[in-house]
Amino acid sequence: MLWLDLGNTRLKYWLTDDIGQIVAHDAKQHLQAPAELLMGLTDRFERYAPDFIGISSVLGDNLNAKVSETLSRLNIPFEFVHVDAAHALMKSAYNDQQLGCDRWLQMLGAVDKKKRQCVIGCGTAVTIDLIDHAEHLGGYIFPSIYLQRESLFSGTKQITISNGTFDSVSQGLTTQDAVHRGILLSIVGAINEISHRHPNFELIMTGGDAAIISQHVNRPVRLRDDLLLNGLARYFDYRNKS
Ligand SMILES: Nc1ncnc2c1ncn2[C@@H]1O[C@H](COP(=O)(O)OP(=O)(O)OP(=O)(O)O)[C@@H](O)[C@H]1O
Ligand SMILES: CC(C)(CO)[C@@H](O)C(=O)NCCC(=O)O
Ligand SMILES: [K+]
């Protein structure tokens, strides 16, 4: 099987064998031209010769249509995941016309009906979702640390910070430090507050910035980089069985 994750920043793919082991994987910046990037990958995908392509996309109908057009040339069956708030593996109280496919799949990949869980996705946006015994209660969306920095840069005259590292949440004494530490604290503080309000929810983090953020969270965090892929596999596995 071939699995595609079309996010706002990157396109990721995984090729898995019949026992679900990953045999090839890559992540590429698509610069808002995912169909063009896919075009460049079609030779590779053809060589992989998967029997099916399962797709998570948060790119919207227009870009998804272009992606479909590109994939149609491969003569390999493919399908986009559709969020379902009444899914047997997890019920959701969230508006399922709006809930991002990546968010939903990350939850589906983590969900355990015996647990209370807080799933935190750290990609282009940071999402924090609460799940109580396989029931999604809702969540929060924040701009990532990089989006926050870009918005300060573009919305002010005196803040000209466009690079640097996010490594502390102590007060800063320079613009550089105040910007990075303030932004990191906005996310770490929110996670700590939510975890304080929901003390018996297990914290699970995934995505490119999970390691940076989790260091400052004041409760144990489970880092998992396989949640979306696991969600994709569970979704299509469930569909084939029913
Ligand atoms: N200067 C930068 N501006 C924006 N993003 C950056 C920058 N430097 C690094 N990044 C990385 O881009 C990443 C995007 O997240 P991640 O790798 O989890 O998923 P993604 O696939 O890129 O996001 P999405 O799934 O939303 O496309 C950020 O997590 C961040 O680590
Ligand atoms: C929040 C993001 C950007 C995270 O990638 C994505 O899941 C998305 O575009 N969601 C749609 C909005 C929502 O989930 O309510
Ligand atoms: K938008």
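Author: Positions taken from UniProt follow the numbering used here, with feature names shortened, and such annotations may be inferred rather than shown by experiment. This is a predicted model, in which local features need pLDDT of at least 70, side-chain atom pairs count only at pLDDT 80 or more, and totals for chains, interfaces and linings use all residues. Residues are numbered from 1 along each chain as its sequence is written, chains are lettered from A and ligands numbered from 1 in the order in which they are written, and side-chain values use heavy atoms, with hydrogens and water left out.

Reader: At which residue does UniProt place the feature "active site"?

Author: The record in question is an unreviewed UniProt entry. The residue that it names lies in helix α3, where helices (H or I, at least four residues) and strands (E, at least two) are DSSP runs numbered from the N terminus. The position given by UniProt is Asp102.

Reader: With which residues is Asp102 in contact, leaving aside its neighbours within four places in sequence?

Author: Asp102 has a relative accessible area of 24% and is therefore partly exposed; buried means under 20%, exposed over 50%, and partly exposed in between (1.4 Å probe, protein chains only). Contact is taken as heavy atoms within 4.5 Å. By that rule, and without those sequence neighbours, the partners of Asp102 are Ser56, Val58 and Leu228.

Reader: How far is an oxygen atom of ligand 2 from an N or O atom in the side chain of Tyr94?

Author: The residues around ligand 2 (a heavy atom within 4 Å) include Asp102, Val58, Arg103 and Tyr94. Backbone atoms also meet ligand 2 in polar contacts (N or O atoms within 3.5 Å; within protein, one must be able to donate a hydrogen and the other to accept it, and residues adjacent in sequence count only if both atoms are side-chain atoms): Gln98 at 3.5 Å and Gly100 at 2.8 Å. For the side chain of Tyr94, the distance to an oxygen atom of ligand 2 is 2.7 Å.

Reader: How many salt bridges does a search of the whole structure find?

Author: Side chains of opposite charge can pair when their charged atoms come close. A salt bridge is counted when a side-chain nitrogen of Lys or Arg is within 4 Å of a carboxyl oxygen of Asp or Glu. For the whole structure, the number found is 14.

Reader: Which residue forms a salt bridge with Arg239?

Author: The closest N and O atoms of this pair are 2.2 Å apart. The pair links helix α7 (residues 227–241) to strand β5 (residues 78–80), across 160 residues. Arg239 is partly exposed at 33% relative accessibility, and the partner, at 23%, is partly exposed as well. That partner is Glu79.

Reader: Which residues do salt bridges that share partners join into one network?

Author: Glu202 pairs with Lys115, with the closest N and O atoms 3.7 Å apart; Glu202 is in strand β10 (residues 202–206) and Lys115 in the loop between α3 (101–110) and β7 (116–122), so parts 87 residues apart in sequence are tied together. Glu202 also pairs with Arg222, at 3.2 Å between the closest N and O atoms, and Arg222 lies in strand β11 (residues 221–223), 20 residues away. The network consists of Asp112, Lys114, Lys115, Glu202 and Arg222.

Reader: How far from Cys118 is the nearest cysteine sulfur?

Author: A disulfide is a pair of cysteine sulfur atoms within 2.5 Å, and the count comes to zero. Cys118 is in no disulfide, and the nearest cysteine sulfur is that of Cys122. Cys118 is buried at 1% relative accessible area, and Cys122 is buried at 2%. The two sulfurs are too far apart for a bond, the distance being 10 Å.
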